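Hi,

Here is the structure I promised to send over. Have a look at it first, and then read on for what turned up.

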Amino acid sequence: MILIGFMGAGKTSVAQTLSKSLNIPCYDLDKEITKKIQMPLSDYFDKYGETQFRQLEHQFLLKYYSIPGVISTGGGCIENHANRAILKETSNVIYLKANFETLHHRINNDKMSLRPIAKNRTTEELKALYMKRLIYYETCATYTIDTETLNTQEVAERIIAMI
C-alpha cells in the first residue's frame, strides 16, 4: 500500500502506525533516500536541485512499490509523470487529504521535519503548489481519506477497514 498526499498530510506517521498495526514493513521514501545520499534532503535540494531529486525519488519508488509493506511517499512524488503511471497501476494507493489551511498550519508547526520545498516559499506559492498537485493526488488514488478531523490512529483504522 502506498500513501500519497501533500506535505503535512500525515503520510509518515500513518505509515508507521499501519506498519505496527498490520505487522508489515514500512518504507518512507524520503528516509530511504536520505540514507542513500547521506545528507539531509534540504542539502541535496540546495546542491543538486529539485529535478535531480525527483529522478532519485523515482528510482526509489521503482525499487519499493512492488515490495509488500506500506510506503510513505514525499508530497511531490506525484510531480513525476512516470511515478503517476506507477501509482495508477498500483492497487491500494491512499490519498491522505486535508485542506490547505490545515496542512499549512501543520507544516509551520512541525519543527522536526525540514521540508525543502516549503523552505523558501510564501504561503501563496505553497497554496498554488497544493492546487497544482490536487488533481494528481485525486487521479492516482485508489482511496481517499479526509484527515481533517482525524488523528493518526483513526486514519490508520479507516485504511485497515478499507483494504
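**Aromatic pairs**

There are 8 aromatic pairs in this structure. One of them joins phenylalanine 6 and tyrosine 130 edge-to-face, with 5.4 Å from centre to centre and 85° between the planes. That pair ties together distant parts of the chain: phenylalanine 6 is in the loop between β1 (2-4) and α1 (11-22), while tyrosine 130 is in helix α8 (residues 123-140), 124 residues apart. Both phenylalanine 6 and tyrosine 130 are buried.

Phenylalanine 60 and tyrosine 64 make a stacked pair, at 6.4 Å centre to centre and 20° between the planes. Here the two partners belong to one helix, α4 (residues 50-64), and sit 4 residues apart, about one turn of the helix. Phenylalanine 60 and tyrosine 64 are buried too. You can also look for an aromatic cluster made up of Tyr44, Phe45, Tyr48 and Phe53.

Before going further, a caveat: this is a predicted model, so please read everything here as computed from that model.

**The chain as a whole**

The protein chain has 9 helices and 5 strands. If you trace the sequence from start to end, they come in the order β-α-β-α-α-α-β-α-β-α-α-α-β-α.

How does the radius of gyration compare with that of a compact globule of 163 residues? The compact globule would come out near 15 Å, and the protein chain has 15 Å, so the two agree. Along the principal axes, the C-alpha atoms fill a box of roughly 40 × 35 × 30 Å.

Of the 163 residues, 47% are buried. The accessible surface of the protein chain is about 8,500 Å², and carbon and sulfur atoms account for 50% of that. If you take the contacts between residues at least 6 apart in sequence, 74% of them join residues at least 24 apart.

**Two arginines to look at**

Arginine 133 is in helix α8. Is arginine 133 buried or exposed? Its relative accessible area is 2%, and buried means under 20%, so arginine 133 counts as buried. The side chain of arginine 133 reaches the backbone oxygen of glycine 75 at 3.3 Å. Leaving out residues up to four places away in sequence, arginine 133 touches Phe6, Arg54, Gly75, Gly76, Ile78, Glu79 and Ile117. You will recognise Phe6 in that list as a member of the edge-to-face pair with tyrosine 130.

The other one is arginine 84. Its charged end sits over the ring of tyrosine 136, 3.9 Å from the ring centre.

**Two loop residues with positive phi**

Asparagine 23 has a phi near 55°, which is a positive value in a residue other than glycine. You will find asparagine 23 in the loop between α1 and β2 (26-28). Its relative accessibility is 71%, and the cut-off for exposed is over 50%, so asparagine 23 counts as exposed.

Glutamine 38 also has a phi near 55°, again positive in a residue other than glycine. Its loop is the one between α2 (29-37) and α3 (41-48). At 70% relative accessibility, glutamine 38 counts as exposed.

**Helix α6 and its cap**

What caps the N-terminal end of α6? That is asparagine 99, with a side-chain oxygen 3.1 Å from the backbone nitrogen of glutamate 101. Within helix α6 (residues 100-109), the buried residues include Phe100, Thr102, Leu103, His104 and Ile107.

**Tyrosine 143 in the last strand entry**Tyrosine 143 belongs to strand β5 (residues 143-146). Its relative accessibility is 26%, and partly exposed runs between 20% and 50%, so tyrosine 143 counts as partly exposed. Tyrosine 143 and isoleucine 94 are 49 residues apart in sequence, yet their C-alpha atoms are 4.9 Å apart in space. Ile94 is also among the contacts of tyrosine 143, along with Asn92, Val93, Tyr95, Met162 and Ile163, if you set aside neighbours within four places in sequence.

Shout if you want to go through any of this together.

Cheers

Technical notes. Residues are numbered from 1 along each chain as its sequence is written. This is a predicted model: local features need pLDDT of at least 70, side-chain atom pairs count only at pLDDT 80 or more; totals for chains, interfaces and linings use all residues. Side-chain values use heavy atoms; hydrogens and water are left out. Rings of Phe, Tyr and Trp (its six-membered ring) pair if their centres lie within 6.5 Å; planes under 30 degrees apart count as stacked, over 60 as edge-to-face and the rest as tilted. Buried means under 20% relative accessible area, exposed over 50%, partly exposed in between (1.4 Å probe, protein chains only). A charge sits over a ring if NZ of Lys or CZ of Arg is within 6 Å of the ring centre and within 35 degrees of the ring normal. A polar contact is a pair of N or O atoms within 3.5 Å; within protein, one must be able to donate a hydrogen and the other to accept it, and residues adjacent in sequence count only if both atoms are side-chain atoms. Contact means heavy atoms within 4.5 Å. The radius of gyration is taken over C-alpha atoms; the globule rule is 2.2 Å times the number of residues to the power 0.38. Accessible areas come from the Shrake-Rupley method with a 1.4 Å probe; for residues, only the protein chains shown count as cover.
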